[in-house]
Amino acid sequence: MLSYETLRSLLFKLPPETAHTLAEFALRTAALTPFALGAVAARCVSQADLKQTIFGLKFPNPIGIGAGFDKNGTMIRPLAALGFGFIEVGTGTPKAQSGNPKPRMWRHIGEHSLQNAMGFNNDGLEAIVRRVSALQPFVLPIGINLGKNKTTPNEKALEDYRVGIEKAANGADYLVFNLSSPNTPNLRDLQSESFVRDLFALARTLTTKPILLKIAPDLDAANAIAIAQTAIECGASGVIATNTTNDYSLIAGSQTRGGGLSGAILAEKSRALFDALSAELYGKTVLISCGGIMDADEAWQRIKMGASLIQVFTGLIYGGAGFAATLADGIWERLNREGFTKIEDAIGSLRR
Ligand SMILES: Cc1cc2nc3c(=O)[nH]c(=O)nc-3n(C[C@H](O)[C@H](O)[C@H](O)COP(=O)(O)O)c2cc1C
């Protein structure tokens with residue numbers, strides 16, 4: 001069989017978005033050919049010790065695919081076969097939109113990182129929710145990540161999120177409010193206590209489904225904590241930290257393209273913000289850590305810091321189809337090596 005290193009060197013000769021489209025095609029085709037997915041599914045991990053029930057939903061393992069990989073909900077079944085424990089689709093917006101002009105995704109191979117300025121290209125929430133609903137009830141929790149259209153000014157953003165909740169709440173197992181993409185002009189300005197208060201107050205009149213807030217790694221810790229606390233007081237079920245960073249000092253020359261950086265160079269920043277948030281909020285809400293998780297050591301550290309769940313994106317691009325299964329194996333090994341009997345005992349063990 002072709003090793004992922006060989007396949008990756010071929011894929012990396014293509015522009016990143018072309019490679020992503022090709023991977024989407026391969027995954028969708030594999031989903032139609034059960035024996036092809038069977039080979040991967042055989043590696044799929046379902047160690048009992050990694051199972052959790054959160055929000056009343058059953059997570060077979062704590063590793064989720066971060067939003068943006070499956071923007072349109074077309075790869076849910078194959079992603080499940082790759083061993084992920086939950087799937088987040090989107091970001092979806094009320095109306096379909098094409099996103100920013102191409103090229104809008106770049107690799108920083110030496111840094112094991114990506115840079116993207118996609119701008120919420122998506123088929124619109126109606127199509128996304130139709131695809132998700134057709135699969136329900138599904139074997140894994142499926143989240144739908146919600147954003148606003150580029151043409152909607154911030155003063156009317158609440159209305160886009162209202163439409164998003166109304167469209168998505170029935171199909172999704174959980175929702176995420178994405179206020180942290182750097183690629184929709186001024187979206188991050190909505191990361192304020194006042195907007196978050198209004199948003200969750202509205203949301204709680206519309207649905208009882210779990211809703212999480214996804215924040216940027218570029219907030220200072222005190223501000224991030226204040227915003228997260230407000231969200232929780234107003235009905236948020238949890239926080240996802242973090243999205244991509246626009247700290248271009250992390251990679252020389254990245255500023256000219258703009259967008260957000262992800263992968264290994266994000267790890268330290270994302271971990272530090274997660275640690276600060278968890279120091280205040282561990283035990284009070286569900287915390288999901290995302291950003292620069294490229295191996296099992298990093299995943300394990302986030303879990304011990306207080307992450308009930310983790311999400312990955314760039315690690316899958318660099319690590320290949322077996323990435324989720326490798327992480328699950330690695331987490332399971334560390335769990336046993338350090339004498340924990342189940343994942344819940346490890347979560348937040350550094351805080352106790
Ligand atoms: C190409 C690309 C597109 C993304 N699109 C979205 C998106 O639509 N919504 C979102 O909330 N996050 C999006 N993200 C952010 C990821 O979900 C994740 O938060 C970020 O990449 C950090 O994780 P990582 O270092 O494991 O990649 C995107 C990331 C990449 C690389």
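This tour moves from the whole chain to its nonpolar cores, then to a pocket and a surface loop.

**The whole chain**

Begin with the full chain displayed as a cartoon, bearing in mind that the model is predicted. The chain contains 13 helices and 13 strands. Along the principal axes, its C-alpha atoms occupy a box of roughly 55 × 50 × 45 Å. The radius of gyration is 19 Å, which agrees with the value near 20 Å that a compact globule of 352 residues would have. Colouring by accessibility shows that buried residues form 59% of the chain. Among contacts with a separation of 6 or more, 72% join residues 24 or more positions apart.

**The nonpolar cores**

Next, select Phe 84, Ile 144, Tyr 161 and Phe 177. Within the largest nonpolar core, which has 83 residues, these four touch the most other members. Then add helix α12, residues 323-337, which gives the most to this core, with six residues.

Centre the view on Phe 84 and show its surroundings. Leaving aside residues up to four places away in sequence, Phe 84 touches Asn 61, Ile 63, Gly 64, Ile 65, Leu 79, Leu 140, Val 312, Leu 316 and Ala 324. Now move to Leu 212, Ile 240, Val 286 and Ile 288, which are included in a second, separate core of 12 residues.

**The second largest pocket**

Turn to the second largest pocket, which holds about 700 Å³ of space. To find its centre, select Ala 67, Gly 68, Phe 69, Lys 71 and Phe 313, the closest to that point of the 45 lining residues. Which elements give two or more residues to the lining? They are α2 (16-32), β4 (86-92), β6 (113-116), β11 (260-263), β13 (309-312) and α11 (314-319). Highlight α2 in particular, since the largest share of the lining, five residues, comes from this helix. Colouring the lining by class gives 14 nonpolar, 24 polar and seven charged residues.

**A surface loop**

Finally, select Pro 137, in the loop that runs between α5 (125-135) and β7 (142-146). Is Pro 137 buried or exposed? Its relative accessible area is 79%, so Pro 137 counts as exposed, the cut-off being over 50%. Add Asp 173 and draw a C-alpha to C-alpha distance: the two residues are 36 apart in sequence and 9.4 Å apart in space.

Terms used:
Residues are numbered from 1 along each chain as its sequence is written. This is a predicted model: local features need pLDDT of at least 70, side-chain atom pairs count only at pLDDT 80 or more; totals for chains, interfaces and linings use all residues. Side-chain values use heavy atoms; hydrogens and water are left out. Helices (H or I, at least four residues) and strands (E, at least two) are DSSP runs, numbered from the N terminus. Buried means under 20% relative accessible area, exposed over 50%, partly exposed in between (1.4 Å probe, protein chains only). A nonpolar core is a set of buried Ala, Val, Leu, Ile, Met, Phe, Trp, Tyr and Cys residues joined through side-chain atoms within 4.5 Å. Contact means heavy atoms within 4.5 Å. On a 1 Å grid over the protein atoms alone, a cavity is a set of points where a 1.4 Å probe fits but cannot get out, and a pocket is an open set with protein on both sides within 12 Å along at least five of seven lines; lining residues have an atom within 4 Å of a point. Grid points are joined across faces, edges and corners, and a volume is the space filled by probe spheres set on the points. Ala, Val, Leu, Ile, Met, Phe, Trp, Tyr, Cys and Pro count as nonpolar, Asp, Glu, Lys and Arg as charged, and the others, Gly among them, as polar. The radius of gyration is taken over C-alpha atoms; the globule rule is 2.2 Å times the number of residues to the power 0.38.
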